[in-house]
Amino acid sequence: MESLHVYHNSYLIILVFLALGLLLPLVALTAGRLLRPHKPLKMKQTTYESGIEPFRDARVQFHVQYYMFALLFVIFDVETVFLYPWAVAYDALGAFALIEMLIFIVMLLIGLIYAWKKKVLRWS
């Protein structure tokens, strides 16, 4: 009977956190809407508040390669961040961690070679 009580309490905690996760942003957004100054002016509703009229469309199309290059940079940048904690704790981790890190670096190199072969890294 005790395990059933713990089981129901676990779901109760999840429901409380779910309710708080939904309620807190709604309360914050509503309070922000009620407390902020609201003085709409024609000048504020223009595209730019600097007073200069835009002379062309602000939506500029970029090549997909720029986005791919940026995504690859972010992926490899984030992955290399994992090397720092490993390097700090290397003495305590031993040879097994060295093998794991070598596998990790080989996988990164395979991804880099794949991107290079697909010509994603070419800027032009």
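**Transmembrane annotation.** I started with the UniProt record, an unreviewed entry, which annotates residues 12-35, 66-87 and 93-116 as "transmembrane region". The model I am checking this against is a predicted one, so I kept to what its coordinates give.

**Two of the spans.** I looked up residues 12-35 and found 100% helix and 0% strand. The C-alpha atoms at the ends of that span are 33 Å apart. For residues 66-87 I got 95% helix, again with 0% strand, and 32 Å between the end C-alpha atoms.

**Surface patch.** Which residues form the nonpolar patch on the surface? I noted Leu 12, Ile 13, Val 16, Phe 17, Leu 20 and Leu 24, together offering about 600 Å² of accessible area. I then placed Leu 12 in helix α1, which runs over residues 2-35. Leu 12 also falls in the annotated range 12-35.

**Aromatic pairs.** My search of the whole structure returned two aromatic pairs. I wrote down the details for Phe 82 and Phe 104: their ring centres are 6.5 Å apart and the planes meet at 80°, an edge-to-face arrangement.

What does this pair tie together? Phe 82 sits in the loop between α2 (64-81) and α3 (83-88), while Phe 104 belongs to helix α5 (residues 95-117), so the contact links parts 22 residues apart in sequence.

**Exposure of the two rings.** I checked Phe 82 next: its relative accessibility is 48%, so it counts as partly exposed. Phe 104 comes out at 22% and therefore counts as partly exposed; the cut-off for buried is under 20%.

Note on methods:
Residues numbered from 1 in each chain as written. Predicted model: local features only at pLDDT ≥ 70, side-chain atom pairs only at ≥ 80, totals over all residues. Heavy atoms only, no water. Patch = residues over 30% accessible without salt bridge, like charges linked within 9 Å, V, L, I, M, F, W, Y side chains within 5 Å. Areas by Shrake-Rupley, 256 points an atom, 1.4 Å probe, with all protein chains shown as cover. Salt bridge = Lys/Arg side-chain N within 4 Å of Asp/Glu carboxyl O. Helix = DSSP H or I, 4+ residues; strand = E, 2+ residues; numbered from the N terminus. UniProt positions renumbered as here; feature names shortened; annotations may be inferred. Phe/Tyr/Trp six-rings, centres within 6.5 Å; stacked < 30°, edge-to-face > 60°. Buried < 20%, exposed > 50% of the residue type's maximum accessible area, 1.4 Å probe, protein only.
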